[in-house]
Amino acid sequence: MRKFLNEPADFVDETLAGIVAAHSGLRLDPEDGRVIVREPAAAPGRVGIVTGGGSGHLPVFLGYVGEGLCSAAAVGNVFSSPSVETIERATRAVDGGAGVLYLYGNYGGDVMNFDEAAELLGEDGLETATVLVTDDVASAPAAEAERRRGVAGMVFAYKLAGAAAAAGSSLAEVAEVATAAASRTRSMGVGLGPTILPTTGVPTFELDEGEMEIGIGIHGERGIERLPLASADAVGRDLARRVCAEAVPGAPLAVMVNSLGSTSLEELYIVYGSIAAEVAALGFEVERVYIGRYATSMEMAGMSLTVLSLDQRLRELLAAPARSPFFCEHGSELGHG
Amino acid sequence: LATVEEATAALTAALAQLGGEADRFRELDAEVGDGDLGVTVGAGSAAVVAALAEAAPQSFGELFAATGRAFAEANPSTMANLVGIALRRVSRSAGDASELSADAWPELLAVAIATIEKRGGAKLGEKTILDALEGSRAALAEAPAGADPLALARDGAVAAAAAIRPLEARAGRASWQGERTRGAPDPGAELWAAMTRALAAAPA
């Protein structure tokens with residue numbers, strides 16, 4: 001295993017220590033070193049947004065803690081759920097009296113722990129609402145969309161719900177925006193190579209030279225099919241067709257081309273050229289484009305495509321200012337971002 | 001286990017013992033599931049032993065919270081997660097108490113059972129760890145005066161784990177195997193039986 005490590009067991013805590021050393025807008029909660037909050041964490045009367053999940057996906061999750069985004073992230077070990085206590089602590093840290101939205105990807109352990117935290121805090125009178133992101137179309141058929149996992153589409157949900165919270169919306173309103181965002185976001189990934197788990201040195205999956213995994217999950221979960229590696233053009237067009245099949249007809253799109261870790265920006269742009277051509281051929285207009293590393297699996301090779309079907313309200317929320325160490329929106333004019 | 005110090009010492013000794021049985025749980029689980037119960041038991045037990053040495057809990061609430069969190073964070077299995085959730089809920093019930101009377105234990109087991117049923121989506125009789133937990137709870141709830149509670153918890157769990165072997169698993173990963181699980185021990189129920197065995201054998 002060729003990785004920069006000290007103690008493998010300290011992988012997560014040392015990552016967090018480096019992040020708060022680098023970025024003054026983020027800090028660790030003094031009572032729980034697995035809670036990252038923005039500074040200031042809570043604002044009176046403002047809805048808090050707590051996300052979280054396993055480590056190993058930077059910038060997801062804690063990279064989207066910031067102004068106009070999430071208020072806190074509950075951080076688990078690599079690919080493991082954060083504890084109930086960590087989620088409880090994150091919630092209390094960001095509660096400004098207007099309630100807290102739990103917004104995260106649909107994974108069994110995370111759902112169990114967030115639900116338990118919500119119930120425990122509810123008994124103490126702290127109101128929460130939950131919206132799950134289920135954008136990975138490869139993880140279950142459309143008829144069972146509620147079973148799908150959450151992947152890079154979480155970023156759009158954070159951006160939109162975060163803008164609503166920053167505008168002073170109520171918990172019900174922020175949850176409704178998050179639900180709209182989640183229901184209009186679709187993603188699919190293609191894997192070219194695994195990540196190696198830092199604690200065990202074990203790769204997350206095996207793929208022969210010259211193969212690709214269509215529909216790979218963000219932990220290396222098996223996708224829909226394993227095929228011979230195709231050209232960037234064929235991969236881009238195939239992903240665009242699969243993902244746009246569930247986009248809202250006629251809606252302008254926000255498009256995210258995401259590296260799953262080690263895949264280069266050059267490759268993402270090569271693939272984007274074909275995605276743009278295919279999306280146009282399918283009759284969709286692309287309004288905003290995001291290309292880079294937004295949701296990864298450490299050094300996994302591969303990329304994912306996410307499309308968000310916009311409407312006027314979502315378009316305005318997407319363009320509203322937001323800032324974290326990993327994500328910045330200046331409040332720019334609408335147009336290619 | 002009346003005081004938190006006694007309970008911490010007994011739990012530490014029992015988990016050191018249980019961690020040594022990790023390979024047996026990997027094999028049991030490989031028969032009907034995916035085998036990850038071995039890592040859950042091995043890594044989880046070691047993590048709890050380390051956490052308790054560092055934390056020195058002052059109340060039963062702290063003891064259960066630290067135990068559940070360390071066990072759950074040690075690995076990503078569903079079993080580890082459910083144990084973590086159940087113990088978080090149990091820790092809230094136990095609160096600041098630094099001593100527990102004998103009649104508190106069946107109530108705390110009932111809390112754990114209800115929590116695992118709710119979050120794990122399994123019910124009693126579906127051949128899971130719940131059946132063994134219920135075996136201990138029932139034995140403790142009906143305890144004759146003067147009986148050793150740890151021995152009762154152990155005997156109840158061991159009997160329940162044995163009683164469900166002929167059944168078909170109806171919940172959890174083993175249920176995917178259907179008929180094939182008839183006659184096979186349930187790894188989760190065996191885990192609680194082994195835990196109570198280790199607790200009963202721990203030096204007082």
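Ala, Val, Leu, Ile, Met, Phe, Trp, Tyr, Cys and Pro are counted as nonpolar, Asp, Glu, Lys and Arg as charged, and the others, Gly among them, as polar. With these classes, the lining of the second largest cavity has five nonpolar, three polar and one charged residues. The structure described here is a predicted model.

The second largest cavity encloses about 60 Å³ of space. Its lining is made up of A:Asp136, A:Val151, A:Met188, A:Gly189, A:Ile216, A:Gly217, A:Ile218, A:Leu260 and A:Ser304. Because Asp is classed as charged and Gly as polar, A:Asp136 is the charged residue of this lining, and A:Gly189 and A:Gly217 are among its polar ones.

In total, two cavities of 30 Å³ or more are present in the structure. The largest cavity contains about 100 Å³ of space. It is lined by 15 residues, of which A:Ser83, A:Val84, B:Arg69, B:Ala72 and B:Gly84 are the closest to its centre. At least two lining residues each are supplied by H2 of chain A and by helix H4 (60-73) and helix H5 (78-94) of chain B. The greatest contribution is that of H4(B), with five residues. By class, the lining of the largest cavity comprises five nonpolar, six polar and four charged residues.

The interface between the two chains was examined next. Chain A contributes 20 residues to the contact and chain B contributes 15 residues. The area buried between chain A and chain B is about 1600 Å², with 42% of it on carbon and sulfur atoms. On the side of chain A, the residues that lose the most area to chain B are A:Glu85, A:Met112 and A:Glu116, which together account for 35% of what that side buries.

Ten salt bridges are found across the interface of chain A and chain B. In one of them, the side chain of A:Glu116 meets that of B:Arg119, with an N to O distance of 2.8 Å. A:Glu116 is thus named both in this salt bridge and among the residues of chain A that lose the most area to chain B. Polar contacts between chain A and chain B amount to 16 residue pairs, both residues being at pLDDT 80 or more. Strand E2 (32-38), helix H2 (84-94) and helix H3 (108-123) of chain A are the elements that give two or more residues to the side touching chain B. The largest share of that side, eight residues, comes from H3(A). The side of chain A that touches chain B divides into four nonpolar, seven polar and nine charged residues.

The second largest pocket has a volume of about 830 Å³. Among the 35 residues of its lining, B:Phe64, B:Leu87, B:Trp192, B:Met195 and B:Leu199 are the closest to the centre. Helix H1 (4-19), H4, H5, helix H6 (104-120), helix H7 (129-141), helix H8 (149-163) and helix H9 (187-201) of chain B each provide at least two of the lining residues. The lining of this pocket divides into 31 nonpolar, three polar and one charged residues. H4 and H5 of chain B are thus named for the lining of this pocket and also for that of the largest cavity.

Over all chains, the count of salt bridges comes to 42. One salt bridge within chain A joins the side chains of A:Arg34 and A:Asp13, at 2.8 Å from N to O. A:Arg34 belongs to strand E2 of chain A and A:Asp13 to helix H1 (residues 11-22) of chain A, so the pair ties together parts that are 21 residues apart in sequence.

Helix H1 of chain A also holds A:Phe11. The C-alpha atoms of A:Phe11 and A:Thr199 are separated by 7.7 Å, although these residues are 188 residues apart along the chain. Apart from neighbours within four places in sequence, A:Phe11 is in contact with A:Leu5, A:Val78, A:Pro198 and A:Met298.

Several backbone features of chain A were noted. Most residues other than glycine have a negative phi, and most peptide bonds are trans. The peptide bond from A:Leu58 to A:Pro59 is cis, with omega near 10°, and that from A:Val60 to A:Phe61 is cis, with omega near 0°. A:Pro59 lies in the loop between strand E3 (48-55) and strand E4 (72-78) of chain A, and A:Phe61 is likewise placed in the loop between E3 and E4. A:Phe79, a residue other than glycine, has a positive phi, near 60°. A:Phe79 is located in the loop between E4 and H2 of chain A.

Key:
Residues numbered from 1 in each chain as written. Chains lettered and ligands numbered in written order. Predicted model: local features only at pLDDT ≥ 70, side-chain atom pairs only at ≥ 80, totals over all residues. Heavy atoms only, no water. Contact = heavy atoms within 4.5 Å. Buried area = accessible area lost by both parts, 1.4 Å probe. Salt bridge = Lys/Arg side-chain N within 4 Å of Asp/Glu carboxyl O. Polar contact = N/O pair within 3.5 Å; in protein donor to acceptor, adjacent residues only side chain to side chain. Helix = DSSP H or I, 4+ residues; strand = E, 2+ residues; numbered from the N terminus. 1 Å grid on protein atoms, 1.4 Å probe; cavity = no way out; pocket = protein on both sides within 12 Å on 5 of 7 lines; lining within 4 Å. Points joined across faces, edges and corners; volume = space filled by probe spheres on them.
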